[in-house]
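Biologist: I would like to learn how to read strands, sheets and helices in a model like this one. Can we take it feature by feature?

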Amino acid sequence: MTVRFFRGIKTRFEHEYAQIREIAAILEDGFPDEPVYVLTNVLVANGEIDCVVLTRNGPLLLELKAYQGVIHGSENGPWTVDTRDGPMELPNLFLRAKMQRQDFIDRMIPICRSGFPHIGESNLKKIGSWIYFCRGSTYPEGQIDFRRVKWFRITTADTLLEKLRFLDTGYTLRPEDMDAIVAGFRLTEYSIATDKVIKPKKSVNIPDRRWKIAAIAGVLVLLVILLLIPGVQVVISAFLQSLWGGAGGAVRSISKDLFRSESTPAESADALEYLNRIRGSRGAGQLTFDNRVYELALVRAEDMDRYEYLGYTNPATGACANSMKERFGFARDESLSENAYGQWNGYTQGIERQAIDSWMSDAGNRARLLSNFSAGAVSCSGGYCTFLGLTRGEVVEGCPTTSMRPSSSAPP
């Protein structure tokens, strides 16, 4: 999984940029299968936060200090670092970390309410605010009681990853929650390698099913009212014939894109390309796009959407991918392995990649994504997605059991 970078303002100091690159390398090695966002130079009420790391375990604030040596400081009074060039005086870093933490929590409360209310505002108090020094620095024990002040730590490149693994906020940040935080702080994505802004891809805001039905019903009611007015039928008929003849193709194309609720073959192929990049980084072979696999995966997603379940076997009909495969031209010795994903808000632009990210964050789903398949496809319908991996030369009878775990961004 690639670490993504977002910023409030551009980094002005070379030592900060060097430390952020150091942190990025640590995160990429330590979290290869999880989404990680790094937010830099985030402006808050009382100043600027150097770095915020978003992982599944929650946000972590880092104040970057380009000093190496023995660190002295507690809750009260100034801090010092004994360097090779002598002691360096610093402001009270405990108070600074405390102030930044409170400023960040204050900004997070409205974001939490609108973006991920299931986490709960009380859990935001568990956000950590740490000081990050240069590698080799030490902080002698007995200065601050970390058992009582659980949100504060002194860390370096030698200890950051280990401390991050034991970060416990009591909740899980999903990729969509991280996106909500980035949007709430109005941050810009950039490349850590080039320091240049990454332009966001254009997306279409696709209305959910209820709005579609309401819009269609409104148009039909309006047409019925107009048709009751004498003479209007002739005018409407002539107008529609002219419109359909001159711009019918464009209207049909736009309507198809706007109101569709499932993956096209092009989107499925694009998702497979994204998956192949992940597989390549993990040493797994590349999958070819198979139109049969795409069509069966789409039918499986449509089946979950229609019957409103998230699983590998339809609880009402008993159907599954391998029991349906003959209808799509698969041989008896061609078998299919499945991953399933669901989200509550229906089909959205980019849901295919979102499903892959979710599967990669779970051990069982990740193992199947990286298995030795010859072909595969990802298809979505409504808020449900299916990945199917094709294996040749193996006969599989029957349908999967609950030992295979689906993935969900929220209870379907």
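Biologist: Which residue is the bridge partner of arginine 4 in β2?

Modeller: Tyrosine 37 is that partner. Keep in mind that this is a predicted model. Arginine 4 belongs to strand β1, residues 4–7. β1 and β2 pair in the parallel sense, over four bridges.

Biologist: What kind of unit do β1, helix α1 and β2 make?

Modeller: Look at the handedness of the path from strand to helix to strand. Here β1, α1 (residues 14–30) and β2 form a left-handed β-α-β unit.

Biologist: How many residues of strand β2 are buried?

Modeller: Seven of its eight, across residues 37–44. Therefore β2 is largely enclosed by the rest of the structure.

Biologist: How do β2 and β3 run, and how many bridges join them?

Modeller: They run antiparallel, with seven bridges between β2 and strand β3, residues 47–55. For one register point, find leucine 39: it stands opposite valine 52 in β3. The link between β2 and β3 is a hairpin of two residues.

Biologist: What is the strand order of the sheet of seven strands?

Modeller: Read it from edge to edge. The order is β9-β8-β4-β3-β2-β1-β10, in an open sheet with mixed pairing. β9 (152–155) and β10 are the edge strands, each pairing on one side only. From one strand to the next, the twist averages 30°.

Biologist: Which strands does α1 touch when it packs on the sheet?

Modeller: α1 touches β1, β2, β3, β4 (58–64), β8 (128–132) and β10. Its direction makes about 145° with that of β4. Helix α2 lies across β2, β3, β4, β8 and β9, and runs at about 140° to β4.

Biologist: In what sense do β1 and β10 pair?

Modeller: Antiparallel, over three bridges. Phenylalanine 5 has tyrosine 190 as its bridge partner in β10.

Biologist: Is glutamate 189 buried or exposed?

Modeller: Compare its accessibility with the cut-off: buried means under 20%. Glutamate 189 has 18% relative accessibility, so it counts as buried. The residue lies in strand β10, residues 188–190.

Biologist: With which side chain does the side chain of glutamate 189 make a polar contact?

Modeller: With that of arginine 4, at 2.9 Å. Now widen the view to contacts, leaving aside neighbours within four places in sequence. Glutamate 189 is then in contact with Arg4, Phe5, Phe6, Val197 and Ile198.

Biologist: Which residues of helix α4 are buried?

Modeller: In α4, residues 175–184, they are Pro175, Asp177, Met178, Ile181 and Val182. Seen down the helix axis, these buried residues fall within an arc of 160°, so they line one face of α4. Their cover includes β1, β2, β3 and α2 (93–115).

Biologist: Where does arginine 186 sit relative to α4, and what is its phi?

Modeller: Arginine 186 comes just after α4, with a positive phi of about 55°.

Biologist: What is the order of the open sheet of three strands?

Modeller: It is β5-β6-β7, with antiparallel pairing. The edges are β5 (70–72) and β7 (86–90), each pairing on one side only. The twist here averages 20° from one strand to the next. β5 pairs with β6 (residues 79–83) in the antiparallel sense, over three bridges. To check the register, start at isoleucine 71: its bridge partner in β6 is valine 81.

Technical notes. Residues numbered from 1 in each chain as written. Predicted model: local features only at pLDDT ≥ 70, side-chain atom pairs only at ≥ 80, totals over all residues. Heavy atoms only, no water. Buried < 20%, exposed > 50% of the residue type's maximum accessible area, 1.4 Å probe, protein only. Polar contact = N/O pair within 3.5 Å; in protein donor to acceptor, adjacent residues only side chain to side chain. Contact = heavy atoms within 4.5 Å. Pairing = 2+ DSSP bridges. Right-handed = clockwise from strand over helix to strand, strands pointing away. Axes fitted to C-alpha atoms, helices over the stretch in contact; angles between N-to-C directions. Arc of directions from axis to C-beta.
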